[in-house]
Amino acid sequence: MLKISSKHPRYKSLLLREKMAKAYQEGILADTALIAHGRGEAFDYILGEKTSPSAIEAIRCGVSAMLLAENPVISVNGNTAVLSAEHLVELSRLIPAPIEINLFYRTPQRVEKMEELLKKSGATKVLGRKNDDYLPIPGLEGPRSRAHPDGVHQADVVLVPLEDGDRAQALVSLGKKVITIDLNPLSRTAQTSSITIVDNVVRAIPLMIQEVAKLKKYSKKQLTRIVNKFDNSENISKSLNSISHHFKQDE
Ligand code: ATP
């Protein structure tokens, strides 16, 4: 493994890159997962590798929606599990909301490794395991066209960090509130989800955990007010403004 100096300007980013490369070598991630991570790195770079005030606003709304939900579920792909397993488990415990494994390139071996990683990080119950039943999601074809009957399929609110555009659209069409975390404010996922947190999962999920502690003291009425006040398109525009502001500062 490469020794990265903590003085390197991309230090944190390079540590995450190494983590991803290792997970690929161990067979948890598919090769395309690394490409998706690279797209994320590029957007994080132009966001200044920090959480914007608009992302904080979206985090607050997302957590409020999860606390108000009757059946909230956290849908997890390989990248998110590798980067944030412990925080995902903590969030799942606090809301509470079950974790469902949803892999684009689903193989029994990869599912097993994901389950192992989540369990090692403290998860007690994981949906979407090797022999679990999956139900079709109307309007979708291909590897991610199914969802667990006790998880995403019956959920009213789904947190799906790093979703793909078609699936996000299909879940929204089923009447679910879809909360996504995506560094690209222009992706189809970001544009079609109900609540888009434009931030890196490694920063956003710990912030969601902090927010749960604060918002758990709020009444349903107060949480509903937060959700109703939120305008996703407006929030995405603010994220785009953060990007151009970051560039202007560097001029
Ligand atoms: P869409 O189908 O929504 O248009 P896409 O095809 O552009 O998405 P993919 O390549 O499927 O995107 O997935 C990568 C997405 O995940 C990108 O939008 C990228 O910015 C985002 N991403 C990658 N790593 C992270 C991360 N650590 N945190 C948040 N978002 C990330």
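Reader: What makes arginine 39 a polar contact of the ligand?

Author: A polar side-chain atom of arginine 39 sits 3.1 Å from a ligand oxygen atom. A polar contact is a pair of N or O atoms within 3.5 Å, so this pair counts. Mind you, this is a predicted model, where local features need pLDDT of at least 70 and side-chain atom pairs pLDDT 80 or more, while totals for chains, interfaces and linings use all residues. Residues are numbered from 1 along each chain as its sequence is written, and side-chain values use heavy atoms, with hydrogens and water left out.

Reader: How do you know that threonine 189 makes one too?

Author: An N or O atom in the threonine 189 side chain is 2.5 Å from an oxygen atom of the ligand, so that pair also passes the cut-off. Asparagine 200 has a polar side-chain atom 2.9 Å from a ligand nitrogen atom. Overall, the protein covers 86% of the 630 Å² of accessible area (Shrake-Rupley method, 1.4 Å probe) that the ligand has on its own.

Reader: Why is strand E8 called an edge strand?

Author: Strand E8 (195-197) pairs on one side only, as does strand E3 (126-127). They belong to an open sheet ordered E3-E2-E1-E6-E7-E8, with parallel pairing.

Reader: And what makes E7 and E8 a pair?

Author: Two strands (DSSP E runs of at least two residues) pair if DSSP finds at least two bridges between them. Strand E7 (residues 177-181) has three bridges to E8, so the two pair. Across them, isoleucine 179 stands opposite isoleucine 195.

Technical notes: Polar contact = N/O pair within 3.5 Å; in protein donor to acceptor, adjacent residues only side chain to side chain. Helix = DSSP H or I, 4+ residues; strand = E, 2+ residues; numbered from the N terminus.
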